[in-house]
Amino acid sequence: DTGANRVTGPNLSIREPRKHTDRARKLAYEDAVAKASVYLKESGGLLLNPIQIVEQMFGNGGSNIRKGGKLSDGDEVTSNIELRISLNVIFEIKFY
């Protein structure tokens, strides 16, 4: 039998990456608003407009490929690509 000691690839990419990064941004912002609202509800404040938003993105195409056994022509391989966004938002607030 012959075999390979080292395999490079496959290289995976996301089709329509903007769609997925925009969704991650939206979810991160909604989470920031929800968390800020909890604190303000307890302290008697009102959440107003964001003053500053700082974004950090992680997971630029790292993947986890899953396929058991040998690969043949026409085999389908599934993959999960992780994308994480950390969002720091400073909001304008008003206290009653």
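**View 1. Covering of the buried residues of helix α1 in the predicted model.** Among the elements that cover the buried residues of α1 are β1 (45-58) and β4. The buried residues of this helix are Thr21, Ala24, Ala28, Ala32, Ala36 and Leu40.

**View 2. Surroundings of Thr21 in helix α1.** Thr21 has a relative accessibility of 13% and therefore counts as buried, the cut-off being under 20%. When residues up to four places away in sequence are left aside, the contacts of Thr21 are with Met57, Leu83 and Ile85.

**View 3. Span of helix α1 and the residue that follows the helix.** With 27 residues at 1.5 Å a residue, α1 should span 39 Å, and because its end C-alpha atoms are 39 Å apart, the expected and modelled values agree. Just after the helix comes Gly44, which adopts a positive phi of about 80°.

**View 4. Lining of the largest pocket, which has a volume of about 160 Å³.** The residues that line this pocket are Ala28, Asp31, Ala32, Lys35, Ile85, Ser86, Leu87, Val89 and Phe91, and the elements that contribute two or more residues to the lining are α1 (17-43) and β4 (84-95). Strand β4 gives the most, with five residues, while by character the lining divides into six nonpolar residues, one polar residue and two charged residues. Ala28 and Ala32, which belong to this lining, are also listed among the buried residues of α1, and Ile85, another lining residue, is one of the residues that Thr21 touches.

Key:
Residues are numbered from 1 along each chain as its sequence is written. This is a predicted model: local features need pLDDT of at least 70, side-chain atom pairs count only at pLDDT 80 or more; totals for chains, interfaces and linings use all residues. Side-chain values use heavy atoms; hydrogens and water are left out. On a 1 Å grid over the protein atoms alone, a cavity is a set of points where a 1.4 Å probe fits but cannot get out, and a pocket is an open set with protein on both sides within 12 Å along at least five of seven lines; lining residues have an atom within 4 Å of a point. Grid points are joined across faces, edges and corners, and a volume is the space filled by probe spheres set on the points. Helices (H or I, at least four residues) and strands (E, at least two) are DSSP runs, numbered from the N terminus. Ala, Val, Leu, Ile, Met, Phe, Trp, Tyr, Cys and Pro count as nonpolar, Asp, Glu, Lys and Arg as charged, and the others, Gly among them, as polar. Buried means under 20% relative accessible area, exposed over 50%, partly exposed in between (1.4 Å probe, protein chains only). Contact means heavy atoms within 4.5 Å. The expected span of a helix is 1.5 Å times one less than its number of residues.
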